[in-house]
Amino acid sequence: MANTFEVKNPATGEVLQTITRHSETEINDKLQAGYDAFHTWKKTNAHYRAKLLTKWSALIQDNKQSIAEVMTKENGKPLTESLGEVDYATSYIDWYAEEAKRIYGRTIPTHADGKRLLVTRHPIGLVAAITPWNFPAAMMTRKAAPALAAGCTFIAKPAEDTPLTTIRLIELAHEAGFPTDVVQHVNGRGSVVGKLFTSSSLVRKVTFTGSTPVGKQLIQQSANTVKNVTMELGGHAPLIIAEDADIDLAVEQTIASKFRNAGQTCICANRILVHSSIRDIFADKLTEKVKELKVGNGLEDNVQIGPVINKDGYTKIANQVDDAINKGATLLTGGTYDIDNEKETYFVHPTILNNVSDDMDIMHYETFGPVAPITTFTSLDEAIQVANDTPFGLAAYFFTNNYKIGTYLSENLDYGIIGWNDGATSAAHAPFGGMKESGLGREGGSEGIEPYLETKYISIGNFLE
Ligand code: ADP
């Protein structure tokens, strides 16, 4: 088994770097170092940890341009999106630098004389994170920042497609003053590192962003040591456009949701459900705008759609498009690809499919690509039934200016994140996470530090009264 892997630019096929995988012994040594470091790190005071986080954030911002360029080179997303992701990544660090100071306990009124009942909060221990390639900076910081703020030590395994951004951010964490054993990374295959992380009794928490099948496996593997887990898994977001919706707004926000990062986000709209009375006008307007999206190397000016990450990603997308067309969907734009199998570069032109029906794969599986499938509904309950007919429950969107329709939809959609007239919902100060098979736990907001804390209850007796 080769102990190295190449990180390639998905837009050009250029090898950016060859990385050596850590051996099993090296990974176990790092886990031991992280575990040992926890015993001193947990005693640091919250304001000190907040200062280091603030410094880390500032150093990342000082290096924003070069980090964004690395991200675009390894992930393929347009440079403007990478610059935006650097801001998004530091927003988590900034938020949890503040939250570190608000890890409150409480006192409980007693049931007996001479007692005092206290509840205190403690860092959970060594946290092991496995992160995906689609947001190489932000998916790491939204795990690392609350973990470090809480007083945990942290070790990350980035995706093999995109480890360079993570490695750079961790270097900057050390430059900011975090001890090297407090924040670490390992390079390795997901399945190998996943087993080491989940089976180690030194790791108290596993936090993962990635696909649902891998998430399920990690939950099972974590059972033996009863590890705390946070899982941000797949999505299959419905986007519902009600009869009264502002169509121009719906078009603009559908594009923001669907085509960011070439549709490779777990919260992007995956099924567009339009009221039948406005389907044609919506489809026309969407097609007109989507045709203008520029595809290319994300480092070039004005490119809005970069390559998809790799051949597997492209094959899945192309199969879904073929399946839909074979079953009667109409292609409004796209459905074409620029592929170089030798260089391993895969560009998918933004695609809109009309007349999509429930027997098509695209209505049931996450596409992870720039393909917008349009179907219609006539009653709200029908839209809700279709929207909820999935094991996933991450994000859902709808467009209406009618408060009764909006309230009904937000109360009946079984999703952890709801965008109402809003296709860009994510924020460091808001809880992100899914219901059903989309995950366990929340990241971001005041909720996002909870998974890194243990609760201790102390009952003290024999007080003077
Ligand atoms: P995606 O489809 O987005 O690549 P994955 O779930 O395959 O999602 O990958 C997300 C992260 O999970 C990556 O860091 C990857 O290396 C890691 N990974 C993949 N397979 C496993 C596994 N069996 N156990 C643990 N981690 C894994």
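**Why do we call it that? A chat about the model**

Modeller: Let's start with N355, which lies in the loop between β15 (351–354) and β16 (371–377). Keep in mind that this is a predicted model.

Colleague: What makes the phi of N355 worth a look?

Modeller: Its phi is about 55 degrees, a positive value, although N355 is not a glycine. Most residues other than glycine have a negative phi.

Colleague: And why is N355 called buried, partly exposed or exposed?

Modeller: The relative accessibility of N355 is 37%. Buried means under 20% and exposed means over 50%, so N355, at 37%, counts as partly exposed.

Colleague: What is the phi of K436, and where does K436 lie?

Modeller: Phi of K436 is near 50 degrees, again positive in a residue other than glycine. K436 lies in strand β20, residues 435–436. Its relative accessibility is 40%, which falls between the cut-offs of 20% and 50%, so K436 is partly exposed.

Colleague: How do you know whether S82 is buried or exposed?

Modeller: Its relative accessible area is 0%, and buried means under 20%, so S82 is buried. S82 lies in helix α4, residues 79–99.

Colleague: What makes the pair S82 and T72 a polar contact?

Modeller: The contact joins their side chains at 2.7 Å. The cut-off for two N or O atoms is within 3.5 Å, so the distance of 2.7 Å fits.

Colleague: Let's try N9. Why is N9 called buried or exposed?

Modeller: N9 has 3% relative accessibility, and that is under 20%, so N9 counts as buried. You can find N9 in the loop between β1 (4–8) and β2 (15–20). N9 and G76 are 67 residues apart in sequence, yet their C-alpha atoms are 6.8 Å apart in space.

Colleague: What about T18: where is it found, and how far is T18 from T54?

Modeller: T18 is found in strand β2. T18 and T54 are 36 residues apart in sequence and 32 Å apart in space, C-alpha to C-alpha. The relative accessible area of T18 is 47%, neither under 20% nor over 50%, so T18 is partly exposed.

Colleague: Now the ligand. How many residues surround it, and which are the closest?

Modeller: There are 16 residues around the ligand, and the closest are T131, W133, K157, G190 and S211. The shell divides into seven nonpolar, eight polar and one charged. The space taken by the ligand is the largest pocket. The elements that give two or more residues to the shell are α7 (190–199), β8 (203–209) and α8 (212–222).

Colleague: Which polar atoms of S211, G190 and Q217 are paired with the ligand, and at what distances?

Modeller: A polar side-chain atom of S211 is 2.7 Å from an oxygen atom of the ligand. A polar backbone atom of G190 is 3.2 Å from a ligand nitrogen, and an N or O atom in the side chain of Q217 is 3.4 Å from a ligand nitrogen. Each distance is within 3.5 Å, so each pair counts as a polar contact.

Colleague: How much of the ligand does the protein cover?

Modeller: The protein covers 76% of the 550 Å² of accessible area that the ligand has on its own.

Notes: Residues are numbered from 1 along each chain as its sequence is written. This is a predicted model: local features need pLDDT of at least 70, side-chain atom pairs count only at pLDDT 80 or more; totals for chains, interfaces and linings use all residues. Side-chain values use heavy atoms; hydrogens and water are left out. A residue is near a molecule or strand if one of its heavy atoms lies within 4 Å of it. A polar contact is a pair of N or O atoms within 3.5 Å; within protein, one must be able to donate a hydrogen and the other to accept it, and residues adjacent in sequence count only if both atoms are side-chain atoms. Accessible areas come from the Shrake-Rupley method with a 1.4 Å probe; for residues, only the protein chains shown count as cover. On a 1 Å grid over the protein atoms alone, a cavity is a set of points where a 1.4 Å probe fits but cannot get out, and a pocket is an open set with protein on both sides within 12 Å along at least five of seven lines; lining residues have an atom within 4 Å of a point. A molecule sits in a cavity or pocket if more than half of its atoms lie within 2 Å of its grid points. Helices (H or I, at least four residues) and strands (E, at least two) are DSSP runs, numbered from the N terminus. Ala, Val, Leu, Ile, Met, Phe, Trp, Tyr, Cys and Pro count as nonpolar, Asp, Glu, Lys and Arg as charged, and the others, Gly among them, as polar. Buried means under 20% relative accessible area, exposed over 50%, partly exposed in between (1.4 Å probe, protein chains only).
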